[in-house]
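Here's a walk through one protein model, going from single residues up to strands and helices. Have the viewer open and follow along.

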Amino acid sequence: MDISSSQAAKDRISELPDNLLHECLSLLEMKNAAQTSILGRRWRYMWTHWTNLDFDPNSMYPEEYATFFTHDAKSYRYFAWINQVVSMHQGPCIDKFRVHFHYYSSCATQLGKWVKFALSKRVKELVLDLIGLNLEGSDYSEKGFPLGFDMLRHPPCYSGITTLQSLYLEYVDVNQEFIEFLLSRCHHLERLYLASAPLSRLTVRSSKLKYLTILMTTSNLEHLEIDAENLLYFQYGDTQHDGGPCMVFKSLPMLVEASFCGGFCRSPFPIFNKLVLFSKQLYKISLELRITSSYPVNLVIPEGVVIPIFPNVKHFTCTIICDGHSCILPIKRFIKACPMLEEFKLQVDFMTIAEELIEAKELQEIDLENENDIEELNNSEIGLVREADVGNTNEEEQSHPSLRILEVVGFAGASCDVQLALAIVSYASSLKTIICDPAGVRYSCTGSMFWSDSSTQYEAAKRRARKLAKIVAPKVKVMIV
């Protein structure tokens, strides 16, 4: 059948209703959505109705992102991009508004205008992902962006907060009264993320909140009280060295996931004691521990302290910041406290530079070219960890019946990660798979984490993972990713 050229060239997509075209554009990144304006007359301003306003400098300027905020000219270009989109936006509402940049005092007025715009558009997800700097001789502010009642005096903003479902505040200056006001007015708020807020006391009361994250990096929080009957997830972290704030958990009947990190985790046992009230309802636990000579974590159970049993925990994530020779075997006790645990994820962040990460002695005698090593291993003590090394008491220990997967992110084949892996192999009777991810090796330098991109380090870690595979075969399969 012949088809005329006019019929063949007919633009069917442009005939779709506006609401469908808006839905299609919402699936694109903002940069790509704006580029559709060249498709035709109808498309020219279609992007101005876009609802996902995520001003991600990495997607807009991927080649310059690493140094993007080190030059004022580039920062102004980022601000100009946001101003252009905000001034041309024609939609009645937006789903998301996100900005991410180094905050300094001279841009407070500009940022305030963007927040007012977002609230006037009845935004559902507001993300102020700011980065704080305190550089001598510059105008970078020590305090975060001031967000307070003055921002909400305008009627569109005051009514706009009622539509908020998710609020992310990083390096934003808020106080207890303002938080209480938000929680009382935001009837649909389900997610609240507070980081680097100058708070000494914080009370969170909400019947709608489901996800709560509090990360205190610029102040010492002394008192934290949470009363949220529908809260499912709670994360807390700080940089304190004195045990963290006084925590009061009132009504958390729905809590199933808890995560703790930073200086608050100087000793994990008080954390477990705080969670004992929810021991039967938790499904997932995450901990971050530092184990170094300058920042020791006490993994020895104090006399009279009993680790509570978490009968329903199936996923346990433990991040260890340590040097390569630190002993982390007592972590096995946490696994024992979770009898139904199915997956244990170990993230290892090393304080030692890569060249000093000595291969574990359990692996040094393994020759990858010699297949007879497998038979020799079965008749030797290589790879077996004595219970005395784990710090076990005289109690009779039974094997773990449920643990199936051990994932080691940042695997380096050093004594710390290898010894724990072998201890778990000998203890978990149902263990089937060890996932070694050497590509995730991270190193800590002057308090900051950075990813290793050395192919030499990566290949060395993979070679050590293959040695580990020979030790545990055929009982356990090692997957190297």
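In which loop is Pro 92 found? Pro 92 is in the loop between helix H5 (72-88) and E2. Keep in mind that this is a predicted model, so everything below describes a prediction.

**The overall picture**

The protein has 15 helices and 21 strands. Of its 481 residues, 50% count as buried. Among contacts with a separation of 6 or more, 68% come from residues 24 or more positions apart.

**Four residues to click on**

Back to Pro 92, which is exposed, with a relative accessible area of 67%. Its C-alpha atom is 6.0 Å from that of Lys 121, and the two residues are 29 apart along the chain.

Strand E2 (residues 96-103) is where you'll find His 100. Is His 100 buried or exposed? With a relative accessible area of 9%, His 100 is buried, because the cut-off for buried is under 20%. The C-alpha atoms of His 100 and Asp 56 are separated by 6.6 Å, with their positions 44 residues apart along the chain.

Next up is Thr 213, which sits in strand E9 (residues 211-216). Thr 213 is buried at a relative accessible area of 7%. Once neighbours within four places in sequence are set aside, Thr 213 touches Leu 192, Tyr 193, Leu 194, Tyr 233 and Gln 235.

Then there's Ser 402, in the loop between helix H13 (387-390) and strand E17 (405-409). Despite its loop position, Ser 402 counts as buried, at 14% relative accessibility. Leaving out neighbours within four places in sequence, its contacts are Pro 339, Met 340, Leu 341, Glu 342 and Ser 430.

Here are those four side by side:

| Residue | Relative accessible area | State |
|---|---|---|
| Pro 92 | 67% | exposed |
| His 100 | 9% | buried |
| Thr 213 | 7% | buried |
| Ser 402 | 14% | buried |

**Strands**

Strands of a sheet pair through backbone hydrogen bonds, and the pairing can be parallel or antiparallel. What is the order of the strands in the open sheet of 3 strands? The order is E8-E10-E12, and the pairing is parallel. Strand E8 (201-206) and strand E12 (246-249) are the edge strands, each pairing on one side only. On average, neighbouring strands of this sheet are turned by 5 degrees against each other, with direction ignored.

Zooming in on one pair, E8 and strand E10 (residues 223-228) run in the parallel sense over 6 bridges. Arg 205 stands opposite Asp 227 in E10.

Strand E15 (residues 315-322) is another one to look at: 8 of its 8 residues are buried. His 315, Thr 317, Thr 319 and Ile 321 point one way from E15, while Phe 316, Cys 318, Ile 320 and Cys 322 point the other way, and all are buried. E15 pairs with strand E16 (residues 343-350) in the parallel sense over 8 bridges. In that pairing, Ile 321 stands opposite Asp 349 in E16.

**Helices**

Helix H6 (residues 108-120) has 13 residues, and its first and last C-alpha atoms are 18 Å apart, close to the 18 Å expected at 1.5 Å a residue. The buried residues in H6 are Ala 108, Leu 111, Gly 112, Trp 114, Val 115, Phe 117, Ala 118 and Leu 119. An α-helix has 3.6 residues a turn, so residues three or four places apart point the same way. After H6 comes Arg 122, with a positive phi near 55 degrees.

How many residues does helix H15 have? H15 (residues 455-472) has 18, which should span 26 Å at 1.5 Å a residue, and its end C-alpha atoms are indeed 26 Å apart. Its buried residues are Ala 460, Ala 461, Lys 462, Arg 464, Ala 465, Lys 467, Leu 468, Lys 470, Ile 471 and Val 472.

H15 packs with helix H14 (residues 415-427) at an angle of about 25 degrees, with the axes 12 Å apart. Angles under 35 degrees count as roughly parallel, so H14 and H15 are roughly parallel to each other. Their crossing is right-handed. Which residues meet where H14 and H15 pack? Ala 421, Leu 422 and Val 425 in H14 meet Leu 468, Ile 471 and Val 472 in H15. Those three H15 residues are also among the buried ones in that helix.

Key: Residues numbered from 1 in each chain as written. Predicted model: local features only at pLDDT ≥ 70, side-chain atom pairs only at ≥ 80, totals over all residues. Heavy atoms only, no water. Helix = DSSP H or I, 4+ residues; strand = E, 2+ residues; numbered from the N terminus. Expected span 1.5 Å × (residues − 1). Buried < 20%, exposed > 50% of the residue type's maximum accessible area, 1.4 Å probe, protein only. Pairing = 2+ DSSP bridges. Axes fitted to C-alpha atoms, helices over the stretch in contact; angles between N-to-C directions. Parallel < 35°, antiparallel > 145°, perpendicular 65-115°, else oblique. Left-handed = near helix turned anticlockwise from the far one by under 90°. Contact = heavy atoms within 4.5 Å.
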